[in-house]
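Me: I am in my first year, and I would like a close look at a single part of this structure, followed outwards step by step. Please explain each term when it first comes up.

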Amino acid sequence: MFDLAPVSLWLEDFSAVHAHFQQLRSNGVTDLQAWLDEVPERRTECARRIQVLKVNQATLKLFEADSFEQLTANLDQVFRNGMQGSMSELQQLWDGKTTLHQRTINYTLSGKPLDIQLQATILPGHEANWSRVLLSIENITALCQAQERLAQSEAYTRGLFEHSPVSLWVEDFSAVKILLDEVREAGITDFRVFTDVHPEFVDRCMREIRVSDVNRQTLEMFCAPDKTTLLARLGDIFRDDMRRNFTEQLIDLWQGKLFQQREVVNYALDGSIRHIYMQFSVLPGYERDWSLVQVALTDISARKKAEAYLEFLGKHDVLTKLYNRSYYADELNRLQRRGPFPVTVLIVDLNSLKQTNDLLGHAAGDALLRRVGEVLNKAVDRPASAARIGGDEFVLLLPGTDEAGGKNMVEQLDRLVQLNNQFYPGTPLALSMGVATCHEGGQLEQTIHEADTRMYEAKRAYHSGLQDRRDETP
């Protein structure tokens, strides 16, 4: 049975090791490991006291030996590095154990490494001197290689997760699924109406989400020093409009959409806003319970700012920050269709812009235009609007404002111009204004013409008065 056993078996004599250990103890050695470390050659000397009595056919095959004699004559090739693989066995024997276990590396006679699992037992009746020890060696090379490949794969996957350029979250939605299933079993069919009527259900679902892990990019994106801090302050990240977005996410899950994409707004721990493109996915194999969900968050704040700026440029005059002529035309059409009436129109012209450009340069003229923008932006609030519709011409559209309101706006602009001139030295700001009001059933184009006519009357009066003051100057 020994010779035909399918695993490698060794029968060895450790009696010389036993005697050596007794001598060491009588010499006062108490720590075998320390004693061996003092002189490295002691390891080899100890190991050579082990005598191999017999091996079976599986052993010869495993170590590529033709005979017992060939194997034992080349044990230094099998147990390399001074037979250090036996040192664990010796330590266990020194500690009084009779059954030994060890995982190590041996080599075939051709030099091929073998990962092995060794088990050794002092046979009954030989406990006094260790003269018969039976060892079994199991070749676990394939297992070790598989474990190494698995470890490498896990390290690779972990590396992809940790160093991903987007924020990654691993979450458990199983409790959320249970809640949705309970609602469905209760007979609810219109889940959107249900969430409208029971907003507390949405809040409960949010509380039931379990975050298992996040990567480094997540910490950077949300200005978190570590994962513990981030997970403890999730309420600071997912707030305000997030509840509405999460409601839509729940509705999609209710409808079986296990992969979702949407734009949301989150907040970093320093309070700054983050525009996020979210991709939510229940991972394959977890569709039944949603216990493994990956959420990828891409920070699109810069893109949103660029889009907002492009939208601003499409509707605004860059110099004055007022609306531009395109927006004015659209707003005028909207007010004509929908009101609310009365709508008052105020046409404003910057006096002496050409003279300022000619005498002081266009930089001085641009400075005057920017000051007009400051005054008009200060004067109007939604739903009123102010636009630059020409080089030196501006218009205020005041929906829901009658003639008295228009007069008040003119007076307010006069006060703001006076205040503005107190803060800016040099060329004073001067505006010519004309106002007209359109009532229900009227045409805004006619109202604009009336306001424009009155503005030109005010402009002629301004220049006439300016000329009179020049004539009076000696």
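Reply: A good starting point is Asp317, which is buried, with a relative accessible area of 15%; here buried means under 20% relative accessible area, exposed means over 50%, and partly exposed covers what lies in between, all with a 1.4 Å probe and protein chains only. Please keep in mind that this is a predicted model, in which local features need pLDDT of at least 70 and side-chain atom pairs count only at pLDDT 80 or more, while totals for chains, interfaces and linings use all residues. Residues are numbered from 1 along each chain as its sequence is written, and side-chain values use heavy atoms, with hydrogens and water left out.

The partner of Asp317 is Arg388, and the two form a salt bridge whose closest N and O atoms are 3.3 Å apart. The term salt bridge stands for a side-chain nitrogen of Lys or Arg within 4 Å of a carboxyl oxygen of Asp or Glu. Side chains of opposite charge can pair when their charged atoms come close. Arg388 is buried as well, with a relative accessible area of 16%.

Where do Arg388 and Asp317 sit along the chain? Following on from the salt bridge between Arg388 and Asp317, the pair links distant parts of the chain, 71 residues apart, since Arg388 lies in strand β12 (residues 385-388) and Asp317 in the loop between α17 and α18 (325-338). Helices (H or I, at least four residues) and strands (E, at least two) are DSSP runs, numbered from the N terminus.

From Arg388 we can move out to the sheet that contains its strand. Four strands form this open sheet, in the order β12-β13-β11-β14, and their pairing is antiparallel; two strands pair if DSSP finds at least two bridges between them. Strands β12 and β14 (431-438) stand at the edges, and because each has a single partner strand, one side of each is left without a neighbour in the sheet. Ignoring direction, neighbouring strands of this sheet are turned on average by 15° against each other, where axes are lines fitted to C-alpha atoms, for helices over the stretch in contact, and angles run from 0 to 180 degrees between N-to-C directions. Strand β11 (residues 343-350) runs antiparallel to β14 and is joined to it by eight bridges. Within β11 and β14, Ile347 stands opposite Gly434.

Next comes the helix on this sheet. Helix α20 (residues 362-379) lies across β11, β12, β13 (393-399) and β14, and runs at about 10° to β13. The axes of α20 and of helix α19 (residues 353-360) come within 6 Å and cross at roughly 145°. Where these two helices meet, α19 contributes Leu353, Thr356, Asn357 and Leu360, and α20 contributes His362, Ala364, Gly365, Leu368 and Leu369, contact here meaning heavy atoms within 4.5 Å. Sorted by type, the residues of this contact are five nonpolar, four polar and no charged. For this sorting, Ala, Val, Leu, Ile, Met, Phe, Trp, Tyr, Cys and Pro count as nonpolar, Asp, Glu, Lys and Arg as charged, and the others, Gly among them, as polar.

It helps to set the salt bridge of Arg388 beside others, for a search of the whole structure finds 28 salt bridges. One of them joins Lys304 and Glu307, whose closest N and O atoms are 3.9 Å apart. Both residues lie in helix α17 (residues 301-315), three residues apart, which is about one turn of the helix. Are Lys304 and Glu307 buried, exposed or partly exposed? Lys304 is partly exposed, with a relative accessible area of 25%, and Glu307 is also partly exposed, with a relative accessible area of 36%.

Another salt bridge is formed by Asp37 and Arg43, with the closest N and O atoms 2.3 Å apart. In this pair Asp37 is partly exposed, at a relative accessible area of 45%, whereas Arg43 is buried, at 14%.

To return to the starting point, Asp317, at 15% relative accessible area, is buried, and it is held in a salt bridge with Arg388, whose strand β12 stands at an edge of the four-stranded sheet.
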